[in-house]
Amino acid sequence: MIQLILKRLFTYIPVLLVVVIITFLMIHAAPGGPFDAERVASPEIIEKLNEAYNLDKPIHVQIYNYLFNAIQGDFGPSFKYPGRTVTELIMSGLPTTIELAIYSILFAIFLGVISGLVASLNPGKILDIVPMSISLLGICIPSIILGPVLVLIFGIWYEVLPVYGWGDNPGDKILPTITLGTAYAAIFARLTRGGMLEILGQDYIRTARAKGLSEIRIVIVHALRGGILPVISFLGPAIAGLLAGSFVVETIFQINGVGRFYVQAAFNRDYTMILGTSILFTFMTLTFVLISDIMASFLNPTLRDSGGLE
Amino acid sequence: MHWLLIFFLFLAGCSGNTDQKSKVDLYSEQGILLLGNGTEPSGIDPHIVTGVPEHKILLALLEGLVIFNPQNNGVLPGVASEWVISEDGLTYTFIFNPEAKWTNGESVKPEHFVYSWKRILSPELGAQYADMLYVIKNAESFHKGQIKDFSKVGVSVFENKLVVTLENPTPYFLNILTHYSTWPVHPETVEKFGGMTSRNNKWTRVNNFIGNGPFKLDSWEINKSLKVSRNDLYWGNDSNKINGIEFLPIDNELTQDRLFRSGGIHLANTVPTEKIIRYREERPKELVEHNYFGTYYYRINTNKSPLNDVNFRKALSLSIDRDLIVKSILKGNQKVSYSFTPPDENSYNPSTKLEFNPVKAKLLFKESGYDINNQPLEVLYNTSEGHQKIAQAIQEMWKKHLGLNVILTNVDWKVYLARETQGEFDISRAGWIGDYPDPFTFLDMMVTDRGNNKTGWSNARYDEILNNAASQISTTKRYELYEEAEKILIDELPVIPLYTYTRTYLLSERVKNWQKNILDTNPYQFLSLE
C-alpha cells in the first residue's frame, strides 16, 4: 500500500510540471496583459513594469525562473496586488475555503447518504420517489441560483440568517454550506441509493435476513459498508470540485476564500496568481482523489488486493 | 410533513421582528460607517493604485495639501493651511499647518511632499498616475528619464514652505491636488520597508502604515474588510464625528443590494439597473441619484475606412436616438450628451449640440459613398449586460435609419483594452470619468497621440487651442478656448458621446451631511451618523 501511495505521489511531479507549462503558455497567449488599463500607461512605464516583473525576458527563461523559484516555495509577487506575494494571498483565503468545503461535504454526506438510504429501503414508494426527485432538482439547480434564493428567503424575507461573510456573525456559515453542499448531497443520495440497491440484492444479505437479523443491523453493519463505496470513490473528486467551485458561493456570500482569487486572477491577467492557484487546485485534486482511493481500498478488499489504488 | 409545518411556523415567528437591531443600527450608535466598496482594493499605496475603491479608502488614511470641498467641487485647506499664487499663476507657495501630523506624531513637512512627488515621478516605480503632476515644471521630463536631477523639477522647500513652479498657469492645479496620486507618503517608512521605487514595498501593511489622514489603519483582511478608526492626532478632529469606517469589498452588486436591504451596510455603492425604478417608488429616501463627471461614448477608429470619412461618422451620430437610450434602456436619470465634456451649468457649459436627425443622417451617409454590401463594421465592447443593451439598440438604429449592418463583439475586459490600445477595432464603447473638476481632464485626452486618444484622430487646430488654453490665467478665456476645441471635436466626431453618467447608489438615512457632487467624493470627516 505504502509503495503504491509513493508511486502515486511521484506522479504529482510530471502532472504539476505539465500544468505549470501549459498554464504559462496559455496565459501568455491570451490577449491582454496585466498592465492594460483604461487609463493607458506610456510605453516607457509599461517597459518599466515589464522589467519589474521579469516579463521582458524570453518565455522559456520566464518558465525556468518561475519553476526555479516555485520549487523553493516562492510563487512570486501578485501583479494585481502590489506588495503582496501569491503565497500570502493564497494563505489568506485557503483556510476559509477548506473550512467551507469541509462543512459542505459533511452536509452533503449527511443529507445525501440518509436520503439515499431511505430511498433504497423503499424502492418505488413515496419515500423513494420524493427524495430522488428532490435530489434531481438539487443537481439541476446551480449554486448561482440556489444561493440568492436562500438569501432571499432566510436573509431578507424571514431575517433569520446573515447573508454575508464567514465566521463574523452567528449562523453566517449555514447558507453558504447549504448552497455549496446541496448539489453534492443530491449526487451522494443517488449514488448511495444505487450502491445500496445493488448490495441489498446480494446473496449474503439474503443469508443475513434468513438468519433472522434485524433490518437495521443488516443495513448498518452489512449493507452500508459496500453500499456507500460509490460515495467514497466520488469523495475525492467531490472535494476537489467543491474547492475549485467555491468561487461562486464565495462571491455570493462575500467570503474571503481562495476561490475568488482563482477567478479574479484570470480576469486580471495576474499571471503569477493564476499559476499559483492552478498549482494549488491541481495539487489538491490529486491529493483528494488519492485519499478517496485509499479509503475505497480499505472498505473494499477486492480493490486493495488487486491494487485498485492504481 | 409536520416538521415542515413547524419549520415554517418558526420562520413566520421570526419574521417582522422589528425590535431586533440591525448591524447598521448598532454601528451607527457607535459612530462607525459600514461602506460597500466595490472590489477588493489592489493596495493602499497612493502612488501605485488607480481605482475608485482605493480612492475611497485613501480618503480616510491620507491627506494632501488641500481637501476636496464636497459642497462646491472646490478645495479646502488640508495639510496646507493657506497658499499664495504668484501673479503670473506659475508659482504656488504652500504654508503648512503646524498641527498636521503623521500617525506616529511627527509633523507633516514640505520635504515629505518633495520626496513623495519624486517617488511618483520616478520612472522605476511605474506609477500610472504620474502624469497628474506633469503640470509641474520639468516633471514630465524627469518622469520620462530625460533629466535625472530632481532638483530641476519645480518643487522645492523654502523657509518651511513648499514652493511649486508650474509649466503653465494651471488654474485647476489646486483641483489636481485633491487627487490621491499627489498625496504624501511617510519617507522613513517607505525607505524602511522596501525603498522609494519598490513596487513590492511592505510599508502599506497594517503594522507598518503611517498616514496623515483623519483615520488610521486598524486591520485589513483581504476580501473581507478593511477597518480604520479615528486618528486622534488629526488636526481637524474637532469637526470629525465619525469614529471609524469599515470598508467591505463587495464586488457583486446583487450581494451588495441584499446586504443593504438586510441592514448590513450604510452604503451600497451601486444599484442593479433593474431595481432602480422599484427603489424610486418604494425607498426613495435611500436611493441617491446625481450627476457624475463622466461621459459614455463610442470611440471611432479614424484610421480605418469608411470611419476616416467625417460624413460617415456624422451619419452614425445623427442616426442615434440618445433620448430613447437614456429613457428606455438606462432608466437611471442619465442625461443625453451634447458635448464630450459633461456640462456644468455653473461653470463650463458648452453650447455644442448632437441631434437625432435620421433624414440628414441618410443624406450624409449617401455622400460618404459607403456600400452597405461591404463587410459589416464591428462594435466592440467589454462583456456587460448594460453595454450589450446599448450596443443592440444602436445596431438597430443604424440598420433602420442607414441600412448599415454592424456586428457586435463582446470580449473580456483585458482583451477589450488590448484591442483598443492596439487599434484593432472599428467602433468601441468607452467611458471616461474626470480625475478633477476641469474640462481639461476630458479634452486633453483627444490631443494628437495621447495614450487615451486611441482613435488615431489628429487635428492641429485642436492641439493648438488646448495648448493655448493651458497658458490662460483667466477662467473665462480658458473656457472659451475649451468650447472652441469642443466644437471641433463634435464637428469631427472621432468620439460619439452618448450620455453623461449619473451616480446611483443606496445610502442609509442615518448618514447625514452627505453631499451629491460630480466627483462622488465625500471626505468622511464631514459626515455624521444618526
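This is a short talk on a two-chain model, going from the chains to their contact and then to some local backbone details.

Okay, hi everyone. Before anything else, keep in mind that this is a predicted model.

Let's start with chain A. What does its secondary structure come to? It has 13 helices and zero strands, so to speak helix after helix when you read along the sequence. The C-alpha trace spans about 85 × 55 × 30 Å along its principal axes. Chain A has 310 residues, and 43% of them count as buried. If you take the contacts in chain A with a separation of 6 or more, 73% of them come from residues 24 or more positions apart.

Now chain B. Here we get 17 helices and 19 strands. How does its radius of gyration sit against the globule rule? The value is 25 Å, close to the 24 Å that the rule gives for 530 residues, so chain B is as compact as a globular protein of that length. Its C-alpha atoms fill a box of roughly 85 × 70 × 40 Å, again along the principal axes. Of those 530 residues, 47% count as buried. And for contacts in chain B between residues at least 6 apart in sequence, 67% join residues at least 24 apart.

On to where the chains meet. On the chain B side, 42 residues are in contact with 40 residues of chain A. Which elements of chain B give two or more residues to that side? They are helix H1 (2-14), helix H8 (253-261) and helix H14 (413-421). H14(B) gives the largest share, six residues. By class, the chain B side has twelve nonpolar, 19 polar and eleven charged residues.

Next, a piece of sheet in chain B, built around strand S7 (residues 161-165). In a regular strand, side chains alternate between the two faces of the sheet. In S7 of chain B, B:Leu162 and B:Val164 point to one face and are buried. B:Lys161, B:Val163 and B:Thr165 point to the other face and are not buried.

What does S7(B) pair with? Strand S5 (residues 91-96) of chain B runs antiparallel to S7(B), joined by five bridges, with B:Thr91 opposite B:Thr165. Strand S6 (residues 155-158) of chain B is also antiparallel to S7(B), with four bridges, and there B:Val157 stands opposite B:Leu162. S6(B) and S7(B) form a hairpin with two residues between the strands, and in that hairpin B:Glu159 takes a positive phi near 50°.

That brings me to the backbone oddities, if you like checking torsions. B:Leu493 is not a glycine, yet its phi is positive, near 50°. You'll find B:Leu493 in the loop between helix H17 (475-492) and strand S17 (495-507) of chain B. Is B:Leu493 buried or exposed? It has 25 other C-beta atoms within 10 Å, and 20 is enough to count as buried, so B:Leu493 is buried.

Over in chain A, A:Asn54 is also a non-glycine with a positive phi, about 60°. A:Asn54 sits in the loop between helix H2 (43-52) and helix H3 (59-71) of chain A. With 14 C-beta neighbours inside 10 Å, A:Asn54 counts as partly exposed.

Last one: the peptide bond from B:Ser305 to B:Pro306 is cis, with omega near 5°. B:Pro306 is in the loop between strand S12 (287-300) and helix H10 (310-318) of chain B.

Definitions and conventions: Residues are numbered from 1 along each chain as its sequence is written. Chains are lettered from A and ligands numbered from 1 in the order in which they are written. This is a predicted model: local features need pLDDT of at least 70, side-chain atom pairs count only at pLDDT 80 or more; totals for chains, interfaces and linings use all residues. Two residues are in contact if their C-beta atoms, placed from the backbone, lie within 7 Å. Ala, Val, Leu, Ile, Met, Phe, Trp, Tyr, Cys and Pro count as nonpolar, Asp, Glu, Lys and Arg as charged, and the others, Gly among them, as polar. A residue is buried if 20 or more other C-beta atoms lie within 10 Å of its own, exposed if 12 or fewer, and partly exposed in between; C-beta atoms are placed from the backbone. The radius of gyration is taken over C-alpha atoms; the globule rule is 2.2 Å times the number of residues to the power 0.38. Two strands pair if DSSP finds at least two bridges between them.
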